Amino acid sequence: AKINTNEQLKRRWAFQAIRLAFYNGDTKTIQNTYNQYFKSNNCNDILSYWAMHFMTQSVKDTTYRSYLSARVFANAPDKQIILYQFSSDINTNEILKYAQNDLEKAQIYEISAFKTFQKTLPQLKEIYKYHPTSKALSFLILREVNKLEDLILSPYYNFLGPAVTTNYSDYQDNNLYQQRIIEDKAYAKELIMFLSSMKNTE
């Protein structure tokens with residue numbers, strides 16, 4: 001890459017070097033090559049995020065790794081499944097310390113919402129706050145509606161606990177079951193209020 005005068009070709013060769021170093025377990029080369037050709041580069045193309053994906057695998061600091069993973073997750077759709085499966089649990093407050101701007105803050109909340117099994121209204125509010133036009137919002141909102149359908153309707157029709165809960169015993173006790181339904185319906189109203197506020201700010 002050093003002897004090539006074409007900047008795009010340099011970066012493509014550098015990416016191949018990073019990828020080869022990853023499969024060789026050479027974290028030092030990954031970090032050095034990434035820092036030289038991609039870290040200070042203002043071009044946020046897909047090649048940069050592919051390189052960042054391999055960079056995340058070489059970082060020992062789990063919080064910084066999660067920060068990089070959030071950026072890759074938001075910008076490289078082909079890496080989303082593997083990041084969802086293998087990225088560390090998201091400690092949002094710690095990761096936010098690395099965010100450089102509102103867009104990156106929104107991206108951190110996005111991956112947090114994707115990785116959260118249960119209710120995610122707090123994350124949805126933060127995503128909308130920092131990046132109202134986020135492409136992830138529509139999917140996450142639809143998923144939240146699906147969760148509520150499961151939480152409220154599954155126990156009613158199936159006489160079983162919903163799929164999105166880990167507290168199945170609550171639905172075997174009639175008093176707890178009724179309390180859960182009240183709480184879930186109240187949460188549904190909160191979600192509706194949030195969606196209404198989004199519409200009103202357009």
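The following exercises, each with a worked solution, concern a predicted model.

Local features require a pLDDT of at least 70 and side-chain atom pairs a pLDDT of 80 or more, whereas totals for chains, interfaces and linings use all residues. Residues are numbered from 1 along each chain as its sequence is written, and side-chain values use heavy atoms, with hydrogens and water left out.

**Exercise 1. The fold in outline**

Determine how many helices and strands the protein chain contains, and what share of its residues is buried.

Solution. Begin with the elements, which are DSSP runs numbered from the N terminus: helices are H or I runs of at least four residues, strands E runs of at least two. The protein chain has 10 helices and 0 strands. Next, apply the burial rule (buried is under 20% relative accessible area, exposed over 50%, partly exposed in between, with a 1.4 Å probe and protein chains only). Of the 202 residues, 41% count as buried. Finally, consider contacts, meaning heavy atoms within 4.5 Å. Among contacts between residues at least 6 apart in sequence, 56% join residues at least 24 apart.

**Exercise 2. The largest nonpolar core**

Identify the residues that touch the most other members of the largest nonpolar core, and the helix that gives the most to this core.

Solution. A nonpolar core is a set of buried Ala, Val, Leu, Ile, Met, Phe, Trp, Tyr and Cys residues joined through side-chain atoms within 4.5 Å. The largest one has 49 residues, of which Phe38 and Leu124 touch the most other members. Helices that each supply at least two residues include α1 (7–23), α2 (27–39), α8 and α10 (174–200). The greatest contribution, 7 residues, comes from α9. For Phe38, leaving aside neighbours within four places in sequence, the contacts include Phe15, Ile18, Leu47 and Ala51.

**Exercise 3. Helix α7 and its surroundings**

Establish how many residues of α7 are buried, what covers them, and which residue caps the N-terminal end of this helix.

Solution. First, take the dimensions: α7 has 14 residues and reaches 20 Å from first to last C-alpha, close to the 20 Å expected. The expected span is 1.5 Å times one less than the number of residues. Second, 10 of the 14 residues are buried, including Glu104, Tyr109, Ser112 and Ala113. Third, the cover includes α4, α5 (80–86), α6 (92–95), α8 and α9. From α8, Gln123 is in contact with Tyr109, Ser112, Ala113 and Thr116; Gln123 is itself buried, at a relative accessible area of 12%. Fourth, Asn101 is the cap, with a side-chain oxygen 3.2 Å from the backbone nitrogen of Leu103.

**Exercise 4. Aromatic pairs**

Classify the pairs Tyr34–Phe38 and Tyr128–Phe194 as stacked or edge-to-face.

Solution. Rings of Phe, Tyr and Trp (its six-membered ring) pair if their centres lie within 6.5 Å; planes under 30 degrees apart count as stacked, over 60 as edge-to-face and the rest as tilted. This rule gives 12 aromatic pairs. Tyr34 and Phe38 are stacked, at 6.1 Å centre to centre with 20° between the planes. These residues are 4 apart in helix α2, so about one helical turn separates them. Tyr34 counts as buried at 7% relative accessibility, and Phe38 at 3%. The ring centres of Tyr128 and Phe194 are 6.0 Å apart and the planes lie at 85°, so this pair is edge-to-face. Because Tyr128 lies in helix α8 and Phe194 in helix α10, the pair ties together parts 66 residues apart in sequence. Both Tyr128 and Phe194 are buried.

Key:
Polar contact = N/O pair within 3.5 Å; in protein donor to acceptor, adjacent residues only side chain to side chain.
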